Amino acid sequence: QVQLVESGGGFVQPGGSLRLSCAASERASGINRMAWYRQAPGHQRESVAILVNGGNKTYADSVKGRFAISRDNAKKTVYLDMDNLKPEDSAVYYCNVQGITAMGNTFRSWGQGIQVSVSS
């Protein structure tokens, strides 16, 4: 299965910014859909941002205007740029990528999860 490795989390003060990265392993050939989810303690996992290969992007209302999802095809990496972070953004963030491998197999993989903590 294609593996996803997330990086870029950490602690930040309210109003700060972070970039999360999610890199797919080299066996990934074509990526059709990528998304970021988050889950805070006591809360259900929620979709934060979705990017499909046609270029359409959707965002949760809570992050619209502050977060941006993007991809680097050469690096097989999806990013989540987070601006003006709020304490309620604190959560474990997971990337999810769907596509095909070089062998023609479909895949759907999750990142390991990375903590984002927004606090004064």
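Two strands are taken to pair if DSSP finds at least two bridges between them, and in this predicted model strand 7 and strand 8 pair in the antiparallel sense over 6 bridges. Within that pairing, D72 stands opposite T77 in strand 8. The loop between strand 7 and strand 8 contains K76, a residue that has a positive phi of about 50° although it is not a glycine. Because its relative accessible area is 18%, K76 counts as buried, the limit for that class being under 20%.

The pairing of these two strands belongs to a wider arrangement, an open sheet of 4 strands in the order 1-3-8-7, with antiparallel pairing. Strand 1 (4–7) and strand 7 stand at the edges of this sheet, and each has a single partner strand, so one side of each is left without a neighbour in the sheet. From one strand to the next, the twist averages 15°.

Leaving strand 8 towards strand 9, one comes to the loop between them, which is the place of N84. Like K76 in the preceding loop, which has a positive phi of about 50°, N84 has a positive phi of about 50° and is not a glycine. N84 counts as partly exposed because its relative accessibility is 38%, whereas K76 is buried.

The structure holds 1 disulfide, formed by C22 and C95, whose sulfur atoms are 1.9 Å apart. This pair links distant parts of the chain, since C22 lies in strand 3 and C95 in strand 9, 73 residues apart. The link is right-handed, with 60° about the S-S bond. Both ends of the link are shut away from the surface by the accessibility criterion: C22 counts as buried because its relative accessibility is 1%, and C95 counts as buried because its value is 0%.

The largest nonpolar core has 30 residues, and those with the most contacts inside it are W36, L80, M82 and Y93. The elements that give two or more residues to this core include strand 3 (18–24), strand 4 (28–39), strand 5 (46–52) and strand 7 (67–72), and also among them are strand 8 (77–82), strand 9 (91–101) and strand 11 (114–118). What surrounds L80, leaving aside its neighbours within four places in sequence? L80 is in contact with L18, R19 and L20, with W36, with V48 and A49, with F67, A68 and I69, and with Y93. Two of these partners, W36 and Y93, are themselves named with L80 among the residues that have the most contacts inside the core.

Notes: Residues are numbered from 1 along each chain as its sequence is written. This is a predicted model: local features need pLDDT of at least 70, side-chain atom pairs count only at pLDDT 80 or more; totals for chains, interfaces and linings use all residues. Side-chain values use heavy atoms; hydrogens and water are left out. A nonpolar core is a set of buried Ala, Val, Leu, Ile, Met, Phe, Trp, Tyr and Cys residues joined through side-chain atoms within 4.5 Å. Buried means under 20% relative accessible area, exposed over 50%, partly exposed in between (1.4 Å probe, protein chains only). Contact means heavy atoms within 4.5 Å. Axes are lines fitted to C-alpha atoms, for helices over the stretch in contact, and angles run from 0 to 180 degrees between N-to-C directions. A disulfide is a pair of cysteine sulfur atoms within 2.5 Å.
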